[in-house]
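User: Please take one part of this model, the strand pairing together with the nonpolar packing around it, and go through it closely in a single connected answer.

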Amino acid sequence: MRCLTQKMNRDNAARDCAESKASNLNLIKEISETIATEIDMDKQNWFFLNGYVAHIKNDERLSYPACPNENCRRKVVEDSNGFRCENCQKTHPAYNPTYMATVRISDFTDSIYVSFLRDQGTAILGKTAQEMETFRQTQDPDTVQEYFDSLMFKKINLMVKGKYETYQNEPKMKFVAMKTFPRSVAAENKSLLERLDIYSTLEAVQ
Ligand SMILES: [Zn+2]
């Protein structure tokens, strides 16, 4: 029983710690409210949220063919000689698949659409844009869709930048993922299993 008490105390300490951390987080509903009250076209807004993946669009706009020049990364257009970058005025033999994924992120209050560009796309999709392109080209659509389905409800900590853009003459805040921190699902599951273990032991005693 002493062992059980110790375990409970440890769980409580972990929960308290998580709660104090959570006070730094923005709920998505709060973000929506901020957007509604102050419209400043020049301001960059930073949000930090704890959410999960509610939807990732599995379509051709997931990534784009980018110029392999790291300082350019503009979209290239295929021609008879390779892939033409108008910005560099150069035709490259290959292009660099680059993410521009649109992901709906939810928490228990609301949801927002966030753009996951470049490496942030890799963080959320679990494959580089090159790997994803090969995967989509070589696997049947059902297998690809299954992979996308497996990403649903993936929990993440996310740092998001919000900035107003004019969309159809209306100011609309556009969100871009700046950093993705994986949430420790393993640790959360372990603590849940430990708790279930305790309950089943208690039931057995009764
Ligand atoms: Zn270029």
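Analyst: Two strands are taken to pair here if DSSP finds at least two bridges between them. The model is a predicted one, and in it three strands form an open sheet in the order β3-β4-β5, with antiparallel pairing. At the edges of this sheet stand β3 (77–79) and β5 (90–92), and because each has a single partner strand, one side of each is left without a neighbour in the sheet. Averaged over neighbouring strands and with direction ignored, the turn of one strand against the next is 40°. Between β3 and β4, the latter made up of residues 82–85, there are three bridges, and Asp79 faces Gly82 of β4 across this pairing.

The pairing of β1 can be followed in two directions. β1 is joined to β8 by eight bridges, the two strands running antiparallel, and in this pairing Trp46 has Lys161 of β8 as its bridge partner. β1 is also joined to β6, again antiparallel, by four bridges, with His55 standing opposite Arg104 in β6.

These strands also supply residues to the largest nonpolar core, which has 21 residues, and within which Ala101, Val103, Ile112, Val114, Phe116 and Val160 touch the most other members. Two or more residues each are given to this core by the strands β1 (45–56), β6 (96–106), β7 (111–117), β8 (155–167) and β9 (170–182), and likewise by the helices α2 (28–37), α3 (118–125) and α4 (129–138). The largest share, four residues, comes from β6. Val114 shows how such contacts reach across the sequence: with its neighbours within four places set aside, Val114 is in contact with Val103, Ile105, Val160, Phe175, Val176 and Ala177. Apart from this core lies another, of five residues, which include Cys67, Val76, Phe83 and Cys85. As a general background to both, nonpolar side chains in soluble globular proteins tend to be buried together.

Among the helices that contribute to the largest core, α3 can be described in further detail. The buried residues of α3 are Gln120, Gly121, Ile124 and Leu125, and they lie on the same side of α3 because they cover an arc of only 120° around the axis. Just after α3 comes Gly126, whose phi is positive, at about 75°.

Conventions. Residues are numbered from 1 along each chain as its sequence is written. This is a predicted model: local features need pLDDT of at least 70, side-chain atom pairs count only at pLDDT 80 or more; totals for chains, interfaces and linings use all residues. A nonpolar core is a set of buried Ala, Val, Leu, Ile, Met, Phe, Trp, Tyr and Cys residues joined through C-beta atoms within 7 Å. A residue is buried if 20 or more other C-beta atoms lie within 10 Å of its own, exposed if 12 or fewer, and partly exposed in between; C-beta atoms are placed from the backbone. Two residues are in contact if their C-beta atoms, placed from the backbone, lie within 7 Å. The arc is that of the directions from the helix axis to the C-beta atoms. Axes are lines fitted to C-alpha atoms, for helices over the stretch in contact, and angles run from 0 to 180 degrees between N-to-C directions.
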